[in-house]
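Below is a brief report on local features of one chain and its ligand site. The sequence and the structure come first.

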Amino acid sequence: MTDTALIVIDVQNDFCPGGALAVAQGDRIVPGVNALMGQVGAVILTQDWHPSDHSSFASQHPGHAPMEQIEMPYGPQVLWPDHCVQGSDGAAFHPDLNTNRAQMIARKGFRRDIDSYSAFFENDQTTPTGLEGYLRSRAIDKLVFCGLATDFCVAWSALDAARLGFDVTVRLDLCRAIDMDGSLDAALGRMGDMGIALVNS
Ligand code: VGL
Ligand code: ZN
């Protein structure tokens with residue numbers, strides 16, 4: 001168990017009902033996530049953490065609307081409503097999430113010109129966040145993912161973890177999806193193809 005970490009992705013107010021980029025029923029996962037924290041050797045939280053002029057915000061691209069996709073220097077990027085602005089209430093963790101258990105909080109998306117869905121690499125898929133080194137130096141090689149949103153930050157994180165050679169499980173019952181244009185099915189397919197265990201309890 002000391003070799004297993006629970007990585008809780010972006011359980012923040014803006015991804016919960018009432019938030020700027022609300023994921024349907026995003027708040028429902030919180031009790032189950034808290035309970036799972038007691039069954040692993042390490043708990044890591046990620047926190048989407050954007051400057052107010054972040055380039056993933058549609059508001060920074062005149063003529064574009066949220067949920068449109070554009071080309072950035074590093075590849076395609078979905079444009080989002082302003083969300084998880086550093087220091088805002090929307091960026092805070094859901095008030096019922098047991099953050100006391102977290103041994104490490106990894107912030108991501110803090111550079112204006114690049115988004116970071118994954119907890120391991122920014123969206124250019126090469127700039128590391130440092131989380132891999134943290135896990136390896138603690139000899140953690142099994143990762144369980146949960147959180148928001150299944151089809152973006154959870155999937156990108158789990159896929160990177162699998163590529164890096166970690167043993168990866170995603171607790172689908174403790175995730176919720178944005179699910180735009182078939183993004184959930186696509187993400188589930190990619191994760192399955194990578195040998196990630198997709199489980200519901
Ligand atoms: C996320 C879109 C933008 C996520 C973060 O946590 O899945 N999605 N920023
Ligand atoms: Zn974001």
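## The loop before α3

Alanine 149 sits in the loop that joins β6 (142-148) to α3. The peptide bond leading into alanine 149 from leucine 148 is cis. Its omega is near -10°. The model is a predicted one.

Both partners of this cis bond also belong to the ligand surroundings: Leu148 and Ala149 are among the residues around ligand 1.

## The shell around ligand 1

Which residues surround ligand 1? They are Asp10, Phe15, Asp48, Trp80, Tyr117, Leu148, Ala149, Phe152 and Cys153. By class, seven are nonpolar and two are charged. No polar residue is present in the shell.

Phe152 and Cys153 of this shell fall within the range of α3, residues 150-163. Asp48 is also in the shell, and β2 spans 42-48.

## Helix α3

Helix α3 covers residues 150-163 and is kinked. The kink is about 25° and is centred on tryptophan 156. Is the helix largely enclosed or largely open? Of its 14 residues, 13 are buried, so α3 is largely enclosed by the rest of the structure.

Glycine 165 follows α3. Its phi is positive, near 100°.

## Packing of α3 on α4

Two packed helices are described by the angle between their axes and the distance between the axes. For α3 and α4 (residues 183-193), the angle is about 15°. The axes lie 10 Å apart.

How are the two helices oriented to each other? Angles under 35 degrees count as roughly parallel, and α3 and α4 are therefore roughly parallel to each other. The crossing of α3 past α4 is left-handed.

## Positive phi outside glycine

Glutamine 25 is not a glycine, yet its phi is positive, near 60°. Glutamine 25 is in the loop between β1 (4-9) and α1 (30-37). Is glutamine 25 buried or exposed? The cut-off for exposed is 12 or fewer other C-beta atoms within 10 Å. Glutamine 25 has 12, so it counts as exposed.

Alanine 139 also has a positive phi, of about 60°, without being a glycine. Its place is the loop between α2 (131-137) and β6. Alanine 139 is exposed because it has 9 C-beta neighbours inside 10 Å.

## Buried and exposed loop positions

Valine 40 lies in the loop between α1 and β2 (42-48). The cut-off for buried is 20 or more other C-beta atoms within 10 Å. Valine 40 has 20, so it counts as buried. Its C-alpha is 5.9 Å from that of alanine 5, although the two are 35 residues apart in sequence.

The loop between β2 and β3 (69-72) holds proline 62. Serine 56 is in the loop between β2 and β3 as well. Which is buried and which is exposed? Serine 56 is buried, with 26 other C-beta atoms within 10 Å. Proline 62 has 6 other C-beta atoms within 10 Å and is exposed.

Distances to other parts of the chain can be given for both. Serine 56 and histidine 83 are 27 residues apart along the chain, and their C-alpha atoms are separated by 9.5 Å. Proline 62 and methionine 1 are 61 residues apart along the chain, with 49 Å between their C-alpha atoms.

Methods
Residues numbered from 1 in each chain as written. Chains lettered and ligands numbered in written order. Predicted model: local features only at pLDDT ≥ 70, side-chain atom pairs only at ≥ 80, totals over all residues. Bend = angle between axes of the 7 residues up to and from the residue. Helix = DSSP H or I, 4+ residues; strand = E, 2+ residues; numbered from the N terminus. Near = placed C-beta within 6 Å. Nonpolar A, V, L, I, M, F, W, Y, C, P; charged D, E, K, R; others polar. Axes fitted to C-alpha atoms, helices over the stretch in contact; angles between N-to-C directions. Parallel < 35°, antiparallel > 145°, perpendicular 65-115°, else oblique. Left-handed = near helix turned anticlockwise from the far one by under 90°.
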